[in-house]
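User: Please take a close look at one part of this model and tell me how it packs. Then work outwards from there to its surroundings.

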Amino acid sequence: MNLTLKIWRQKDANDKGKLVKYKVTDISEHMSFLEMMDVLNEQLVNSGDEPVAFDHDCREGICGMCSMYINGQAHGPDRGITTCQLHMRMFNDGDTIYIEPFRANAFPVIKDLVVDRTAFERIQQSGGFISVNTSGNTQDANAIPIAKSAADEAMDAATCIGCGACVATCKNSSAMLFVSAKVSQYALLPQGQVEATDRVMNMVAQMDAEGFGNCTNTGACEVECPKGISLTNIARMNREYLKATSKG
Ligand code: SF4
Ligand code: FES
């Protein structure tokens, strides 16, 4: 395949940035999207130009680093996958592909396609954990009965990889799907009950402090989420928040 790429280039957070046109040739349909980007970068390096900066790590849909907006969609034109799992067979010879960073006030651009998502880490640090007694008389986890349905739902929530596609795709730049997944994975389990009140209050407060918008039930986040995190998690987080605030 021969393709035209229009890629967002931005030197740093203060640069205005612009779309720059590139050509790549002989791209195999079996390549991943990131491998196609590697071909472009090799081309740029060989011609003495600066390669395009983009985030990636695992390249197998686990780490959530590969945040790109491709042809107006977070993680590109496929469902239930991250950018690194996107294959070039989703495109046609002669296509023009627009590649931009995830855009949200709370995710400032660092360079080209790389954005600062440490806001998610600060939210996580504010309550996304449980305290465990490691004094030597720890209760055997298998001695705590947990309903299969609760374990399954907690596991589903725990599959959130913190990629930020939900924020990038939301017209309000809301982080509610991400935060609700992190709240839900503990709210559904007995181990998460000790800090339940503080967790939801602190995580929601941090989410607001970071400048993310609110949820208006559009549902775009659920559609674009590579891990299929359900909107029901947002409803659960709202219930948890109501419970916490009514305790005073
Ligand atoms: S909820 Fe989905 S889209 Fe949002 S950060 Fe988690 S995995 Fe990514
Ligand atoms: S590089 Fe890890 S999820 Fe894509």
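Analyst: Start with one helix pair. The crossing of α6 and α8 is left-handed. This is a predicted model, so read every value here as computed from that prediction. Two numbers describe a packed helix pair: the angle between the axes and the distance between them. For α6 and α8, the angle is about 110 degrees and the axes lie 9 Å apart. An angle of 65 to 115 degrees counts as roughly perpendicular, so α6 is roughly perpendicular to α8.

Now the residues. On the α6 side, the contact uses A196, T197, V200, M201 and V204. On the α8 side, M237, E240, Y241 and A244 take part. By class, the contact of α6 with α8 holds 7 nonpolar residues, 1 polar and 1 charged. The charged one is E240 of α8, and the polar one is T197 of α6.

Helix α6 has a second partner. It spans residues 196–209, and its axis comes within 8 Å of that of α2, which covers residues 118–127. The two axes cross at roughly 160 degrees. Angles over 145 degrees count as roughly antiparallel, so α2 and α6 are roughly antiparallel to each other. The crossing of α2 and α6 is right-handed, whereas that of α6 and α8 is left-handed.

The residues on this second contact are as follows. From α2 come R122, I123, S126 and G127. They meet D198, R199, N202, M203, Q206 and M207 of α6. The contact of α2 with α6 divides into 3 nonpolar, 4 polar and 3 charged residues. The charged ones are R122 in α2 and D198 and R199 in α6. Set that beside the contact of α6 with α8, with its 7 nonpolar, 1 polar and 1 charged.

Next, the core. In soluble globular proteins, nonpolar side chains tend to be buried together. The largest nonpolar core of this model has 56 residues. F102, C166, V167, A175, L177, F178 and V179 touch the most other members. Several helices each supply at least two residues of this core: α1 (33–46), α2, α4 (165–169), α5 (176–187), α6 and α8 (232–246). The helices just described, α2, α6 and α8, are among them. Helix α5 gives the most, with 8 residues.

Helix α5 also packs on a helix of its own. Its partner is α3, residues 148–158. The angle is about 150 degrees, and the axes are 8 Å apart. With the cut-off for antiparallel at over 145 degrees, α3 and α5 are therefore roughly antiparallel to each other. Their crossing is left-handed. A154, A157 and A158 of α3 meet A181, S184 and Q185 of α5. That contact has 4 nonpolar and 2 polar residues, and no charged residues.

A few single residues are worth a stop. T169 sits in helix α4. It has 25 C-beta neighbours inside 10 Å, so T169 counts as buried. Beyond its neighbours within four places in sequence, T169 is in contact with A74, A220, C221 and E224. Q206 of α6 lies 37 residues from T169 in sequence, and their C-alpha atoms are 20 Å apart.

S173 is in the loop between α4 and α5. It is not a glycine, yet its phi is positive, about 50 degrees. S173 has 20 other C-beta atoms within 10 Å, so it is buried.

H75 also has a positive phi, about 65 degrees, without being a glycine. H75 lies in the loop between β4 and β5. With 28 C-beta neighbours inside 10 Å, H75 counts as buried. G76 is found in that loop too, between β4 (73–74) and β5 (96–100). It is buried, with 23 other C-beta atoms within 10 Å. Its contacts beyond four places in sequence are F33, I70, N71, T83, L86 and M90. M90 is 14 residues away from G76 in sequence, and the C-alpha distance is 9.2 Å.

Last, the whole chain. It comes to 8 helices and 7 strands. Of its 248 residues, 35% count as buried. The C-alpha atoms fill a box of roughly 60 × 35 × 35 Å along the principal axes. Among contacts between residues at least 6 apart in sequence, 69% join residues at least 24 apart.

Key
Residues numbered from 1 in each chain as written. Chains lettered and ligands numbered in written order. Predicted model: local features only at pLDDT ≥ 70, side-chain atom pairs only at ≥ 80, totals over all residues. Axes fitted to C-alpha atoms, helices over the stretch in contact; angles between N-to-C directions. Helix = DSSP H or I, 4+ residues; strand = E, 2+ residues; numbered from the N terminus. Parallel < 35°, antiparallel > 145°, perpendicular 65-115°, else oblique. Left-handed = near helix turned anticlockwise from the far one by under 90°. Contact = placed C-beta atoms within 7 Å. Core = buried A, V, L, I, M, F, W, Y, C linked by C-beta atoms within 7 Å. Buried ≥ 20, exposed ≤ 12 C-beta atoms within 10 Å, placed from the backbone.
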